[in-house]
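This briefing is meant for a reader who is meeting the structure for the first time. Please look over the sequence and the structure shown here before going on to the points that follow.

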Amino acid sequence: MAVPWRLGLLMAVVGMVGIVPGRGLRLGMVAEGGRPKPRFKIPAAFEPLARQPGAGGSGRPTVLALDFACGGALSDYDAVWALQRELVLRRLDLRRSDGDAGAGDGGAALRAAAASVSGAAEALAMGASSAAPLGDCLLLVEHPSTYTLGTGSTEDNLNFSSEEAEAHRVVRTERGGEVTWHGPGQLVVYPILDLNEYRWCVLTTTSHRNSRHTPNPNPNPNPNLTNPPASFHPPSDLHWYVRALEELVIRALGRLGVADAGRIDGLTGVWVDDAKVAAIGVKVKSWVTMHGVAINVDVDLGNGFNRIVPCGIGDRPVTRVADLGVGAVPMEEVKAAILEAFAGVFEADIAHGAGPEGS
């Protein structure tokens with residue numbers, strides 16, 4: 001019996017996109033046992049860049065490190081969040097203008113956002129002169145006690161009532177992930193990076209039906225290219241970037257004497273045995289990153305995390321560097337280890353801005 005052409009077309013569409021019960025149509029997935037199957041394989045470990053020097057220089061981007069956690073200074077979450085958003089827009093303006101530092105509004109909005117973060121205006125002014133034009137940045141911050149939720153986070157992981165919530169600082173953000181807590185003794189690292197400078201994929205077509213991006217064995221052969229070859233395209237997911245953030249924490253902790261920090265299959269973050277020491281939640285806008293990674297250095301674990309189900313994972317504890325056999329490591333040493341690890345993982349040069357105390 002011949003199949004009517006309309007029915008045949010519908011069957012073809014269903015076969016391409018997959019229908020997952022209760023989830024509707026999801027492009028790039030196929031139904032398998034009632035669960036969505038990712039179109040792209042998630043790497044289980046970090047894949048090094050193996051950056052090749054560009055014809056015009058070292059081939060390494062320069063990243064401006066802005067330290068707002070000097071001397072235990074605490075930065076308001078909303079103020080740093082606003083600063084991130086303005087830095088992202090500034091980075092996008094820089095890309096669109098082919099490196100013209102005077103793009104957009106001339107930096108007026110950025111200066112206004114920086115004015116609300118202690119030391120930010122001075123740091124950006126000094127840092128811009130050492131790494132002009134202002135491009136990729138790395139913010140190092142400690143926050144006062146704040147709970148943050150991701151875009152799709154459920155409030156079921158908050159262990160306090162709506163009435164009690166008024167006594168706590170709770171912010172819903174546009175990052176991924178579930179609820180987490182920020183507070184004194186925790187170093188939060190916010191990279192503002194144009195991923196086009198770090199990771200490229202070559203577009204290969206294995207068949208007309210199964211066209212996809214696959215990792216290039218030599219990613220981003222010339223990271224200084226403003227207009228890459230047509231055969232190169234930005235990565236189709238953020239998995240490499242998340243693995244890179246994990247890797248920089250693992251390397252930094254190794255330098256501090258924590259040798260057994262690593263990953264757990266199927267979970268994000270950095271773990272020691274079954275306890276999480278660093279949580280990750282990111283957001284990108286046109287492949288420029290914001291939000292980032294929070295490392296528990298010497299936090300009071302009973303003060304914030306006991307009021308939530310951290311990252312929505314109720315059967316695994318949270319830990320801190322101070323409890324991992326290395327004692328109380330000064331925050332300045334942790335920041336130095338993070339910056340060194342970042343330079344290695346992202347194969348970048350670090351330029352130092354100033355913090356609230358001018359360091």
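The model is a predicted one, and a convenient place to enter it is Leu83, which is found in helix H2, the helix that covers residues 77–96. Leu83 is buried, with a relative accessible area of 0%, and its C-alpha atom is separated by 9.8 Å from that of Leu139, a residue 56 places away along the chain. The points below turn to the chain as a whole, then to one pair of helices, and then to several single residues.

**The chain as a whole**

- The protein chain contains seven helices and 18 strands, and of its 359 residues 46% are buried.
- When contacts between residues at least 6 apart in sequence are considered, 74% of them join residues that are at least 24 apart.
- The protein chain exposes about 16,900 Å², and carbon and sulfur atoms supply 54% of that area.

**Helices H6 and H7**

- Helix H6, made of residues 239–255, packs with helix H7, made of residues 331–345, at an angle of about 130°, and the axes of the two helices are 8 Å apart.
- H6 is therefore oblique to H7, since an angle counts as oblique when it is neither under 35 nor over 145 degrees and also falls outside the range from 65 to 115 degrees.
- The crossing in which H6 passes H7 is right-handed.
- On the side of H6 the contact is made by Ala244, Glu247, Leu248, Arg251, Ala252 and Arg255, while H7 contributes Ala337, Ile338, Glu340, Ala341, Phe342, Gly344 and Val345.
- Sorted by character, the residues of the contact of H6 with H7 comprise eight nonpolar, one polar and four charged.

**Gly262 and its surroundings**

- Gly262 lies in strand E14, which consists of residues 261–262, and Gly262 is buried, with a relative accessible area of 17%, because buried means under 20% relative accessible area.
- Once its neighbours within four places in sequence are left aside, Gly262 is in contact with Ile250, Gly269, Val270 and Trp271.
- Gly262 and Val272 are 10 residues apart in sequence, and their C-alpha atoms are 6.3 Å apart in space.

**Two residues with a positive phi**

- Most residues other than glycine have a negative phi, which is the background for the two cases that follow.
- Trp287 is not a glycine, yet its phi is positive, at about 70°.
- The place of Trp287 is in the loop that runs between strand E16 (275–285) and strand E17 (288–296), and with a relative accessible area of 24% Trp287 is partly exposed.
- His291, also not a glycine, has a positive phi of about 55°, and His291 lies within strand E17 itself.
- At 2% relative accessibility, His291 counts as buried.

**Gly71, in a loop before H2**

- Gly71 is found in the loop between strand E5 (62–67) and H2, the helix in which Leu83 is also found.
- Is Gly71 buried or exposed? At 66% relative accessibility, Gly71 counts as exposed, because the exposed class takes in residues over 50%.
- Although Gly71 and Met331 are 260 residues apart in sequence, their C-alpha atoms are 8.8 Å apart in space.

Note on methods: Residues numbered from 1 in each chain as written. Predicted model: local features only at pLDDT ≥ 70, side-chain atom pairs only at ≥ 80, totals over all residues. Heavy atoms only, no water. Axes fitted to C-alpha atoms, helices over the stretch in contact; angles between N-to-C directions. Helix = DSSP H or I, 4+ residues; strand = E, 2+ residues; numbered from the N terminus. Left-handed = near helix turned anticlockwise from the far one by under 90°. Contact = heavy atoms within 4.5 Å. Nonpolar A, V, L, I, M, F, W, Y, C, P; charged D, E, K, R; others polar. Buried < 20%, exposed > 50% of the residue type's maximum accessible area, 1.4 Å probe, protein only. Areas by Shrake-Rupley, 256 points an atom, 1.4 Å probe, with all protein chains shown as cover.
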